[in-house]
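Grab a pencil and work through a few exercises on helix packing and buried cores. Each one comes with a solution taken step by step.

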Amino acid sequence: MDPSLDTWDFSPLISLWIHRFYIYWGFAFGISLWICFQIVIRKQDKTSQEKSLSKATRDLVTNGYISLQEKEVFVSGVKIFYGSQTGTAKGFATILAEAVTCLGLPVAIINLKEYDPDDHLVEEVTSKSVCAFLVATYTDGRPTESAEWFCKWLEEASIDFRFGQTYLKGMRYAVFGLGNSAYASHFNKIGKNVDKWLWMLGAHRVMTRGEGDCNVVKSKHGSIEGDFRAWKTKFISRLRALSKGEKKSCGGNCKKGRCKSSQHGSEEMEPGSPAQDGLHQRDTEEEEPFASTSEEDSSTEDHQSLSSVVDVEDLGKIMNHVKKEKREKEQQEEKTSLFRNTVKNEASERRAMITPALREALTKQGYQLIGSHSGVKLCRWTKSMLRGRGGCYKHTFYGIESHRCMETTPSLACANKCVFCWRHHTNPVGTEWRWKMDQPEMILKEAIENHQSMIKQFKGVPGVKEERFEEGMTVKHCALSLVGEPIMYPEINRFLKLLHECKISSFLVTNAQFPVEIKNLKPVTQLYVSVDASTKDSLKKIDRPLFKDFWQRFLDSLKALAAKVIALSVIWLQHLQQRTVYRLTLVKAWNVDELQAYAELVSLGSPDFIEVKGVTYCGESSASSLTMANVPWHEEVVRFVHELVDLIPNYEIACEHEHSNCLLIAHKKFKIDREWWTWINYNRFQELIQEYEDSGGSKTFSAEDYMAKTPHWALFGASERGFDPKDTRYQRKNKSKDISGC
């Protein structure tokens, strides 16, 4: 036996081998503990991560922002597109952007003039933004200049098969249109078209179209600003809902058009009054018919349902069901439309012409407003004559004392929106009287008081002559030409009678759109008709009338004017003759090349006088495209008058007022023994009108009965050029050749 083997001790190994199962169990237990420990650690890490993410989300919401996940899924921002002519839509876009910013959403304001839809509009499909379009309707239902290309592109794309009905599928939009319901044939036409064209290209309308109305009579909320505020409130509310994940708005297809979401539409109204209750009912039941978009939405669903595979035997049942739903919908719309019109009519009966916004705008322009629809303003020529610096062209042509003349109107509303309107269209428009009416006694009383109050402000002013100031406190003439259409006032004849009872002469100007009212008008000292153009197209371009039959009304007005000057030989049919005037305003490049047409209009109306005046540039205005380039030089006006007189044989040039860039053409019957008698004997007129009133209208008189001789300095060709030699301005002109004193 090997002795080395005796030195090895294998007892430990033998012991391990005997107890090997205990060792195995120990290893297994240790590994199990390690596995359990790792599982617990991982669960704790996962829980802590979830808590951390949840806390971050709460912090973002608390700070007014949308989480990254919500931005990615729902609303990434808002783009506000606007097309504006006068700046109103641009202002609304700024207001809307401020409201959207308060939601913590990115917002961009985009002028459609600088936007290329061909390159960028399709990007809105995947941008997950909401697009708001604020578009105005301009003359004849056309888009504004800034939105013209966008609308043209959108219209062509909507009918181009290459784009298809899914070109803008995924794009979300809302539309607010700006218009004037006085132009009923194309009210908010552009807003409606943009809404329709986007829908035809597959875009999704997130809310019903809003319609702003400049016509305060028919505006749903009293003004276009009120209409926009109401639409903006609904838009912001809808935007909040979209940001929270609401994917579909009410399409008007709920049971009888009612749903919970639509009832939030009038939440900004104060409850309590019957009127508010009625409006609340209208908002909740008729929100979709107001924008006339539910029909489009429902038709889409009808097409989708019919496009699915159906049994031929069931097709008849489906079509009957569709027809029944359509009939019920038409009946519902008819009832709601009738209810809406009734509410509007009731509201219009109580509405004043002068809204708070209009009152603020006119007051800034120097108007003293009277009651609910009248105003008075101090003419700059009144101020000039108080200082002894000369009067207006009416002083030169007819002998008016400008410092005793009150410029007023019983109606601020007008039926035209002339491009050269010197009030920049701040006054309301309309084709008939729909406002609350004030009594003529109150209007005249307050007009005189306000006029005298403005005259008093010149007491003690350097340069004002004391005798002129004292005379100015007594009104002797009234120019009903301040603004608007005075003949629209239903009680205009009573107002004129009151003027004459106060020994105040009357100079009334009308825009030749109310022939019946001209025919029924009682005698005035002098009756004017504005003849701003001589053809249908140019009149439409310059005056922008509201009436569809504006040209026929224009011609009928001239015929009615002719009846004021024609004395019939049959005594019981004898008409009262009045002094009548055509007032021509020349706008270079617009209406100065229509001489023959003007001559034909003169023969139609046979006026006593024709005033030809170059247009007055009243500064830059977003409501008009006129510039100083459209103002003719005095030499150009003189040339036009010479050429016109050559075409009308019974007339000659009588007077000139160079400072006003104005000339007077008079009928030859006012030229007696080679002397002109264009001035008015105002005292004699007051006697004649009193005799007329006392006789109940049976005693008539003619224009020649109260004419007066025209002074030499007022005649055309005189060295004074229409300046009264008594005036300090004329005296300065002779000394220094400076006529800038006014």
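## Exercise 1: a pair of crossing helices

Helix 6 crosses helix 7 with a left-handed turn. Keep in mind that this is a predicted model.

Task: work out how helix 6 and helix 7 are oriented, and which residues bring them together.

Solution. Start with the axes: those of helix 6 (residues 148-158) and helix 7 (residues 189-200) come within 9 Å, crossing at roughly 40°. Angles under 35 degrees would count as roughly parallel, so helix 6 ends up oblique to helix 7. Next, look at who does the touching. Helix 6 supplies Cys151, Leu154, Glu155 and Ser158, while helix 7 brings Ile190, Val194, Trp197, Leu198 and Met200. Sorting the contact of helix 6 with helix 7 by class gives 7 nonpolar, 1 polar and 1 charged residues.

## Exercise 2: another angle, another label

Task: decide whether helix 4 and helix 8 are roughly parallel or roughly antiparallel, then list their contact residues.

Solution. Helix 4 (residues 88-101) and helix 8 (residues 224-243) have axes that come within 11 Å and cross at roughly 30°. Helix 4 and helix 8 therefore run roughly parallel to each other. The handedness of this crossing is right-handed. On the helix 4 side, the contact uses Phe92, Ile95, Leu96, Ala99 and Val100; on the helix 8 side, it uses Ile224, Glu225, Phe228, Trp231, Lys232, Phe235, Ile236 and Leu239. The class count for helix 4 with helix 8 is 11 nonpolar, no polar and 2 charged residues.

## Exercise 3: one more crossing

Task: do the same for helix 21 and helix 22: what is the crossing angle, and which residues meet?

Solution. The axes of helix 21 (residues 595-605) and helix 22 (residues 634-645) cross at roughly 60° and come within 10 Å. That makes helix 21 and helix 22 oblique to each other, therefore neither label from the parallel end applies. The crossing is right-handed. Leu595, Tyr598 and Ala599 of helix 21 meet Phe640, Glu643 and Leu644 of helix 22. By class, that contact comes to 5 nonpolar, no polar and 1 charged residues.

## Exercise 4: a strand residue

Task: is Ala132 buried or exposed, and what does it touch?

Solution. First, place it: Ala132 sits in strand 3 (residues 129-136). Its relative accessibility is 0%, so Ala132 counts as buried. Skipping residues up to four places away in sequence, Ala132 touches Lys79, Ile80, Phe81, Leu96, Ala174, Trp231 and Phe235. Leu96, Trp231 and Phe235 also turn up in the contact between helix 4 and helix 8. As for Ala93, it lies 39 residues from Ala132 along the chain, with 8.9 Å between their C-alpha atoms.

## Exercise 5: the cores

Task: find which residues touch the most other members of the largest nonpolar core, and follow up on Ile665.

Solution. The largest nonpolar core has 89 residues, and Val531, Phe554, Leu584, Ile610, Val612 and Ile665 touch the most other members. Helix 20 (residues 550-563) gives this core its largest share, 7 residues. Now for Ile665: beyond its neighbours within four places in sequence, its contacts include Ile610, Val612, Leu644 and Tyr651. A second, separate core has 30 residues, among them Val75, Ala99, Val206 and Ile224. To round off, 48% of the protein's 742 residues count as buried.

Definitions and conventions:
Residues numbered from 1 in each chain as written. Predicted model: local features only at pLDDT ≥ 70, side-chain atom pairs only at ≥ 80, totals over all residues. Heavy atoms only, no water. Axes fitted to C-alpha atoms, helices over the stretch in contact; angles between N-to-C directions. Helix = DSSP H or I, 4+ residues; strand = E, 2+ residues; numbered from the N terminus. Parallel < 35°, antiparallel > 145°, perpendicular 65-115°, else oblique. Left-handed = near helix turned anticlockwise from the far one by under 90°. Contact = heavy atoms within 4.5 Å. Nonpolar A, V, L, I, M, F, W, Y, C, P; charged D, E, K, R; others polar. Core = buried A, V, L, I, M, F, W, Y, C linked by side-chain atoms within 4.5 Å. Buried < 20%, exposed > 50% of the residue type's maximum accessible area, 1.4 Å probe, protein only.
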